[in-house]
Amino acid sequence: MQLFPCPFCGPRDETEFHYGGDAGNARPDGAEVPIERWAGYLYLRGNPKGTAREIWVHTSCGEFFVMERDTVTHKVLSSTAFGGEHAA
Amino acid sequence: MTASRLATGGSAIDRSRPIRFSFDGASVGGFAGDTIASALLANDVAIVGRSFKYHRPRGIWGAGVEEPNALVDIGGPQATPNTRATTEPARDGLVAKSVNATPNAQADRNAFLDRFSRFIPAAFYYKTFMWPDWHMFEPRIRAMAGLGKVDTHWTSPGTADQINHYCDVLVVGAGPAGLAAARLAAGAGLCVTLVDDQHKPGGSLGHRACEIGGKPASMWIEETVAELTAGGHLILPATTAFGIYDHNLVGLNQRHFDGRRDTLWRVRPRHIVLATGAIERPLPFANNDLPGILSADAALAYLRRHAVLVGRRVVVATNNDSAYGVAAALAEAGADATLVDIRRDGMPNATAKARLVKGRALAAAKGRLRVEGVTLDDGTRLDADCVLVSGGWTPTIHLFGQAKGKLAWSEARAAFLPGDPVDGISVAGAAAGSVSLSEVFASSEKAVASHGKTKAALPLSTGPEATGGIVAAWPVPGSKGRIWIDYQNDVTVKDVELAARENFVSVEHLKRYTTLGMATDQGKTSNLPGLALMAGITGRAVPEVGTTTYRPPFTPVPLASFAGARAGELMAPVRRLPLESVHRESGAVFQEYGGWLRPAHYGGRGVDADRAIQDEALRARRSVALFDGSTLGKIEVIGPKAAEFVDFLYYNTMSTLKPGRCRYGFMLSENGVVFDDGVLVRLDEHRFVVSCSSSHVAAVHARLEEWRQDRFGRDAVYIHNATSEMATLTVSGPNAHKLLETVDLGLSLDDADLPHMAIGHGFYGGDAVRIARVSFTGDRSYEISIRADRAEPLWAHLRQVGQAFDAVVIGLEALMILRAEKGFIVIGKDTDGTTLPHDLGSEGPRVKRQTEYVGRRSLFTEEASRGDRLQLVGLTVPSGEAPLPTGAHGIKREGDRLHSQGFVTSSYHSPTLGRPIALGLIERGAARHGETIEIQHLGKVRTAMITAPCAFDPAGERLHA
Ligand SMILES: [Zn+2]
């Protein structure tokens, strides 16, 4: 069971977290967005081997944050609070 | 084999405490400190089980966790199947039964299978019973194979404790390496936890006699344990570290022998020292699975710990130095011992305490139900009642492998050793390939060296040191006779050869094809010989073949340990209404709905539920109903961007809502599918309340938070889930207004002041109440929200004044009928994971809205615009007929073929209308009102007419009546 560092609460058991998708999957707004672009936003995921930037939420405190981790070694490289801005 | 208990000795047993237990129905005597295995050996019980596939007689092989043969089912309150007799303490009154044997291990009626063994190679059953269908044969074949039996009627007498634990250093294994590492780490000021699967610390020191610092090893063990205990360190005996998980979480299973269930420990150490020792391997020769053939080291353990001499005429076969001490000890104890060493020169500088045959290997063991002799590879016959074998040592690197540690092949040790280090883990002692005590201690020093200077010092070993000389003796392809590789799964040399012929040459394929290394022992004794044989067959080196993946658990862990207290309500806690006890007193029958325990109906358990529900629904329409709607979501959205926020979250424009008013709307997912529906209340300019579905509160709250943090920012919107703060009591029906006028709520209930879809604020008994004119029944309704802890007097008051109006308290089932009469949907019941808002008749925002909202783009895809989408409709059957079954499909015929054209989502008998009503999602349904379609369920076809969803008061006059 992994330990994830919540930027607000510190290292906590992975069972307290939910995955929130790839970081940087910016939402294209508008009814006219090309369908391929929209489908990409909805369904296409990088699934990288190695370093991944992901959004997670710590369900205990409710805060979303960006975590970088290695999908092979499961090493956590960084975790940063959203800081109020749109997560890019 | 004629094993016996010696008159003296046995460090583990207490001769003053005799015990008695039953094995396969026979009474067996022993002493406290015996394992089931040692007691059986002391009583010369040779056959303790039957093999998995061929039902061959099998005896005890080992003295610890590696045991492949001696599995027993323990009965009684502590019932556990497939327990290793070698690690299970013998205790008074214990009931043990051999596995895979009928009626017992001695006289097994399936033993005939062994005579057909040559026709039952690996994968025989799968290859043979293919026609017409494997599943026809599977139950009988499965019943014949297998190990212990699970008693399906057994229930756990208690729950297992689970403990989360933290320490600086976790040392796994309390043999010489582990004790030394623990002592050194403690001396460096670290907090140490030491775990060991034995009852007493010491490991191999318990039977491999030696001196440490000029004193008997037992004294050094005592001294070390005393020092650790005095230092406040934790020592857990009878505890197995069964797994290392991500980020070095270690799982421990602690056994108790006082009636308690095992305890599961989750340990997060900063550093792990694996001092897990090594396991002795068998040697390959024909019939090497006969009872009476044991691991040499196990025989020494039984002699020293339990004073059991495993045989009188003993042949000790070896390819390495470690068996010499065993032969000497057995000879000293009175056995006639012959040592057969495969090596031409034997062990250098060995002092002959037993007869020694050098440069010879065993070709075969003789005997039918137990070993009676051996044949050497030169044809020499030796009589023997017991054969001890040592095929070398396999370091116990399972935990290291689980932690993704890479292994390195050592030709000198003929074994895999831990390779490149893993963060936070070091390996010491025999697990790291150390043999002599000074090597072991040096490896312990190295294992904890990175943690700073230690004040503790290890004594120099003074006794004679063990040596690790070995010449590999792997199974050889083409060998004569039946040579067992895996005792537990009945895998022989021929099975591995067959696997190779059929190109299952990868170790992972070999494992699945032959079952080598599977089941409860996970190949602790068989994996290395098996893959070495595969290497030999395919002309590869052993490390080229590699090992299978190491996975937890190292030894079986009871599921009760993992479950812990998580059973029943602790597994899935229900949410409870603040007025639950009041409802119970009123005869409410409770059911769980979306995680909430709610009254299904009233009238008590004994009542006819259908009639009670029909009666409640009917009376609700006639006069007035009281309903506890406290589960309804109440999530507040507050802040300068609150209006913009709800606009984005809802399909419907919400920012145009006036303060004090409510609006019904949908929330969509980004794929356009309707996620939730409900009423949004605008309390004031910057404050809204999201009334989401009861079962969706957590999910809606999470969704609001996600968009708030991701798109709007923490300072622009604030979200507060107030669902459980307030109870919501609903008064609904033609007499709702009249009833409420008899209660002083401190506000005007006139329609001019409080029209439909408006809210008002008042007081009840000094507490603020919020009253919403919102209706889920189609009748004039008032939802009164009040502090949850003050709801009881108001509820009692409403019930009391309700008597004059023949008010009825209704449960959720009646409400479901009332809403279905109106065609009001329940998300997830009347919709599924494809339903878009316009499928439910809500086309307006899709066509008109110009601003952005969640799911918008998805409403304009090709799929979303299809003409044949399933749309919400009502379905009417002639009165007098039974309601349609929910889930029944609307069908259309194309020639002989039937196609679904949608399905029934809700179906009830309406007491008010006196006929069945139903809702459904039907292809192009919105344009087909009046059309009759066929509905099929379980082969029966009925007809129904498609109508508008609303079956009752379509003009909505009752909202204002
Ligand atoms: Zn947190």
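Buried means under 20% relative accessible area, exposed means over 50%, and partly exposed covers what falls in between. That vocabulary comes in handy for the charged pairs below. Keep in mind that this is a predicted model.

Let's start with charge. Side chains of opposite charge can pair when their charged atoms come close. Over all chains, the count comes to 57 salt bridges. Three pairs from chain B, plus one network, give a feel for them.

Take B:Glu685 and B:Arg682, which form a salt bridge with their closest N and O atoms 3.9 Å apart. The cut-off for such a contact is 4 Å. How do the two partners sit with respect to the surface? B:Glu685 has a relative accessibility of 47%, so this residue counts as partly exposed. B:Arg682, on the other hand, comes in at 3% and is therefore buried.

A salt bridge also links B:Lys892 and B:Glu923, with 2.8 Å from N to O. Here the partners belong to two strands: B:Lys892 sits in β48 (residues 889–894) of chain B, and B:Glu923 in β50 (residues 915–923) of chain B, so the pair ties together parts that are 31 residues apart in sequence. B:Lys892 is partly exposed at 27% relative accessibility, while B:Glu923 is buried, with a relative accessible area of 12%.

Some salt bridges share partners, and in this way A:Arg27, A:Asp29, B:Glu670, B:Arg711, B:Glu852 and B:Arg856 are joined into one network.

Next up are two helices of chain B. B:Glu223 and B:Arg183 make a salt bridge in which the closest N and O atoms are 2.8 Å apart. Which parts of the chain does this pair tie together? B:Glu223 lies in helix α5 (residues 217–230) and B:Arg183 in helix α4 (residues 176–187), so the contact bridges parts that are 40 residues apart in sequence. As for their surroundings, B:Glu223 is partly exposed, with 33% relative accessibility, and B:Arg183 is buried, at 7%.

Charge isn't the whole story, though. B:Phe112, B:Phe116 and B:Phe119 make a nonpolar surface patch of about 300 Å². One of these residues, B:Phe116, is found in the loop between β8 (95–98) and α2 (124–128) of chain B. Is B:Phe116 buried or partly exposed? Its relative accessibility is 40%, so B:Phe116 counts as partly exposed. A residue needs over 30% relative accessible area to be part of a patch, and B:Phe116, at 40%, has that.

Conventions: Residues numbered from 1 in each chain as written. Chains lettered and ligands numbered in written order. Predicted model: local features only at pLDDT ≥ 70, side-chain atom pairs only at ≥ 80, totals over all residues. Heavy atoms only, no water. Salt bridge = Lys/Arg side-chain N within 4 Å of Asp/Glu carboxyl O. Helix = DSSP H or I, 4+ residues; strand = E, 2+ residues; numbered from the N terminus. Buried < 20%, exposed > 50% of the residue type's maximum accessible area, 1.4 Å probe, protein only. Patch = residues over 30% accessible without salt bridge, like charges linked within 9 Å, V, L, I, M, F, W, Y side chains within 5 Å. Areas by Shrake-Rupley, 256 points an atom, 1.4 Å probe, with all protein chains shown as cover.
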